Amino acid sequence: MKKQETAILKKAQSWLSENYDQETRKQVQHLIDDEPEELTESFYKNLEFGTGGLRGIMGVGTNRMNKYTVGMATQGLANYLIKTYPKNKEIKIVIGHDSRNNSRYFSEIAADVLSANGLKVFLFENLRPTPEISFAIRHLNCQSGIIITASHNPKEYNGYKAYWNDGAQLIPPHDKNVVEEALKITDIAQVKFEGKKKNITEIGADIDQAYISKIKELSLSPEAIKKHHDIKIVYTPLHGTGATMVPQCLKEFGFTNISSVEEQNVPDGNFPTVVSPNPEESAALKMAIDKAKVVKASLVMATDPDADRVGIAVKNHSGEFILVNGNQTACLLTYYLLNKWKENKKLTGNEFVVKTIVTSELMKDMAVKFGVEYYDVLTGFKWIADIIRKNEGIKTFIGGGEESYGYMIGDFIRDKDAVSACAIIAEIAAWAAQSGKTIYDLLIDIYLEFGFYKESLISIVRKGKSGAEEIQQMMADFRSNPPIQINNSKVVCIKDYELQKEFDLANKTEKTIDLPRSNVLQFFTEDGSKISVRPSGTEPKIKFYFSVREELNSVSDFEKLNRQLDQKIDQIITDLKLK
């Protein structure tokens, strides 16, 4: 037996002790006896905090989401909080969960462990959006927070996101320190599972109203909503938490013509009406678009199960619904915010916007034109929140976004928020209507002013231990043998975020990238294309991001140029041998 196989077996056998419940022991023994491959996948490593926290398939084992991995992570978090706040009379923490299978169970496990360690726990009474947990941390002056969710992953998954006292997800050193504390737990008996109910307080409606009240303060065009309150909107929560907040928020903004997809309003961790509850995928919006055609709506919005991301569809000039991708929505939001802040004389030269490095450069172009500072950060809203934290009391955050359908407006929440994004997207539709335009018209206006940016994404899935190794090899190959030209255009710049170096190939110079180390590569070509390569931090896949640009001279040229940019992306994909 190989050394690694012996280590995996030894780790699995430790789960056969009396410290684990009978059903867990039975399942582990079954894997040992009959399913060696699944045994390896379940125990070959421990779940670790990635860009989106702890996330994995539910089941037994150290590499699975279950009572014990949740318990150990929570005990590690409790130990770290106690060490970090030794002088606090009371350490407070918020816990919430989404609609996934076992989410309530895992949230109660976390509450029990924290309360058993003497921490004060605020546990939401039932499912709530992830951004509301971020809000509640600051609102209740807590030191930390947890949300049990696997975001848009398939139904087999669940996850665990941990937050710090500013309402943002953990970043170094806190994420690594929590993991280190969890790794110090060598025996499950060290986890305090016996909760103290006196330390647990259920919360709900009061936080909901405070949250919505803050979102309402973001409104910049109340007069437009008043005039166009009856814009027809179809919204679906895709069986998730958005149903608890989004329709109510839209109504409080003043929108009066909101339809829902009834079948998808029901919280259900099996997501029975969709293959994947991911608003990035066109199939997830199909039922909502079908409903929009029936009720003659002009705007469709769908949020993922934990309501931190939103996908939208709007009508084009032919009256057909088209999907608006994450880059386009981020740019629409940025364009609207910058225009309204300027119009309302709120721009003082001390404001900033933030985007992630794989998000459209169009956001940067807008910020430059409006004289607003911009920041590029690594993938994940925790890094956007980090910039806000560093500028607290010095500069004013307007908004931020990432290509994967996440947006944040204002700084009272420190994570992506689909609830506020839905409200502002609807407001943009009303604002556009003031000028006799649609969201689709606004998008073309942006391209006419700043250039037509077109982005696309390919994800190559490689599951399990062998898949992880293959992905690492792909990254190594791109580093050791980078492309010299792509689509007949020279590569003029390479950014390697693992090395924290930017290489100017034309001038043969290099400079340091002032961002945390990350396994990301970017290639910039002479014709303005950008290609980014990045292994996912939360899923078994490697992602390739493509961005191309051309000047758009007239509305009549839009469709033709759109096809040309698609062809350009296809050729890049072919050149990189990705299909």
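In this predicted model, Glu-550 is partly exposed, with a relative accessibility of 33%. Its salt-bridge partner is Lys-568, and the closest N and O atoms of the two are 3.2 Å apart. Because Glu-550 sits in strand β23 (residues 541-550) and Lys-568 in helix α19 (residues 558-575), the pair ties together parts that are 18 residues apart in sequence. Lys-568 itself is buried, at 11% relative accessible area.

This pair belongs to a total of 41 salt bridges in the structure. Side chains of opposite charge can pair when their charged atoms come close. Arg-128 and Asp-208 show such a meeting at 2.8 Å, N to O. Arg-128 lies in the loop between β3 (120-124) and α6 (130-139), and Asp-208 in helix α8 (residues 205-216), so this bridge links parts that are 80 residues apart in sequence. Both Arg-128 and Asp-208 are buried. Asp-98 and Arg-100 form another salt bridge, with their closest N and O atoms 3.6 Å apart; Asp-98 is buried at 2%, and Arg-100 is buried at 4%.

Glu-351, in strand β12 (residues 351-356), offers a contrasting case. Glu-351 is buried yet has no salt bridge, and the nearest side chain of opposite charge, Lys-346, is 8.7 Å away. The side chain of Glu-351 instead makes a polar contact of 2.7 Å with the side chain of Thr-348 and reaches the backbone nitrogen of Gly-349 at 3.1 Å.

Turning to internal space, four cavities of 30 Å³ or more are found. The second largest holds about 80 Å³. Its lining has nine nonpolar, four polar and no charged residues.

Key:
Residues numbered from 1 in each chain as written. Predicted model: local features only at pLDDT ≥ 70, side-chain atom pairs only at ≥ 80, totals over all residues. Heavy atoms only, no water. 1 Å grid on protein atoms, 1.4 Å probe; cavity = no way out; pocket = protein on both sides within 12 Å on 5 of 7 lines; lining within 4 Å. Points joined across faces, edges and corners; volume = space filled by probe spheres on them. Nonpolar A, V, L, I, M, F, W, Y, C, P; charged D, E, K, R; others polar. Helix = DSSP H or I, 4+ residues; strand = E, 2+ residues; numbered from the N terminus. Buried < 20%, exposed > 50% of the residue type's maximum accessible area, 1.4 Å probe, protein only. Lys, Arg positive; Asp, Glu negative; His and termini not counted. Salt bridge = Lys/Arg side-chain N within 4 Å of Asp/Glu carboxyl O. Polar contact = N/O pair within 3.5 Å; in protein donor to acceptor, adjacent residues only side chain to side chain.
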